[in-house]
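Grab the model and work through these short exercises with it open. Each one gives a task, then a solution in steps.

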Amino acid sequence: MPKFIIPKTSRQIIGRILLHLDEIDSTNTFLLKNEALLSEDGLTVYADRQTGGRGRMERSWSGGAADKRHLFCSVVVHIRGFLCYIHPSITILIGLATFRALSLLGVKGHMIKWPNDILIAGRKLCGILCEVRSVGDMKVMVAGIGINLEGGPEQFGPSLRDKATTLEASVGIKVKRDHMLNVLLDEIDKILIEARDGLESIFREWETSSGMIGKAVLFEYQEEEMSGIVTGLDSSGHLIIDTDMGSITLASGGISLRCPI
């Protein structure tokens, strides 16, 4: 049964109200279908089990089969006030906050792959999907975050066993789902507050954390496949890629690394 939780927390924006679900197809989908919930700025929905998680371009996101051994959550962010000035850069902030949260738990060797996957040794540990909806005259972002915490590759389907990993399998760290959630929400809240003072230092930290600067990549631009070298983020948080045709900026869309990480 759905259960609202009011945690004892000093968070100012995100995670002041939690909604716990036993099982859901997708925490993002659940929120996007419930306009009343979208009206709660900072609301966080998390589930013991997610059966139909989604990634970019409606790809499925599998986080293993075991209940409560992984984190499946979505947060509601109202894009108003100072946040209007940094949208759509909020997606960059969510990714960096997730990177920071993992670092605080002792994780090393992880990196952010554009736009917001977290990888360890080339395998996907975390997926992030940010979607925007209009509620009345206000824009609302729903940021879905899935982090694989416990167990090994045997819990994933055959097509994912060589592509996905968990904290336990990759770095030997075991962390309880609820602890991971609270650390993550603290970091998302902190980075959104930090953004009030400007984004430049945050973008420079993202570049360092991404491990992608100087990497050769393949990407699609104006319906053509292109290649280039990642050089960083521009002032809007778009990815800059140097190509034979000059610098190109990507506001969204995936890339693939031409060389192993």
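**Exercise 1.** In this predicted model, work out whether glutamate 223 is buried or exposed.

*Solution.* Start with the cut-off: a residue counts as exposed when its relative accessible area is over 50%. Next, read the value for glutamate 223, which is 76%. That is over the cut-off, so glutamate 223 is exposed. Now place it: glutamate 223 sits in the loop between β9 (216-221) and β10 (224-233). Finally, check the backbone: phi of glutamate 223 is positive, about 65 degrees, although the residue is not a glycine.

**Exercise 2.** Find out what glutamine 222 has for a phi value, and decide whether it is buried or exposed.

*Solution.* Phi of glutamine 222 is near 50 degrees, a positive value in a residue other than glycine. Glutamine 222 is found in the loop between β9 and β10. Its relative accessible area is 64%, so glutamine 222 is exposed.

**Exercise 3.** Which residues form the negative surface patch?

*Solution.* Look for the glutamates: the patch is made up of Glu220, Glu223, Glu224 and Glu225. You've already met Glu223 in the loop between β9 and β10.

**Exercise 4.** Sort the residues of strand β6 (residues 117-120) by face, and say whether they are buried or exposed.

*Solution.* Begin with the general pattern: side chains in a regular strand alternate between the two faces of the sheet. Then go through the strand: Asp117 and Leu119 are on one side, with Ile118 and Ile120 on the other. All four are buried, and both faces of β6 are covered.

**Exercise 5.** Describe how β6 pairs with β5 and with β7.

*Solution.* Take β5 (residues 110-113) to begin with: four bridges join β5 to β6, and the two run antiparallel. Isoleucine 112 stands opposite isoleucine 118 in β6. The hairpin between β5 and β6 goes through three residues. Proline 115 lies in that loop, and the peptide bond from tryptophan 114 to proline 115 is cis, with omega near 0 degrees.

Now move on to β7 (residues 123-135), which is antiparallel to β6 and joined to it by three bridges. Here isoleucine 120 stands opposite arginine 123 in β7. This hairpin has two residues between its strands, and alanine 121 in the turn has a positive phi of about 50 degrees.

**Exercise 6.** Where does proline 88 lie, and which residue does a cis peptide bond join to it?

*Solution.* Proline 88 is in the loop between α3 (83-86) and α4 (90-104). The cis peptide bond joins histidine 87 and proline 88, with omega about 10 degrees.

Conventions. Residues numbered from 1 in each chain as written. Predicted model: local features only at pLDDT ≥ 70, side-chain atom pairs only at ≥ 80, totals over all residues. Heavy atoms only, no water. Patch = residues over 30% accessible without salt bridge, like charges linked within 9 Å, V, L, I, M, F, W, Y side chains within 5 Å. Areas by Shrake-Rupley, 256 points an atom, 1.4 Å probe, with all protein chains shown as cover. Salt bridge = Lys/Arg side-chain N within 4 Å of Asp/Glu carboxyl O. Lys, Arg positive; Asp, Glu negative; His and termini not counted. Charge placed at Lys NZ, Arg CZ, Asp CG, Glu CD. Buried < 20%, exposed > 50% of the residue type's maximum accessible area, 1.4 Å probe, protein only. Pairing = 2+ DSSP bridges.
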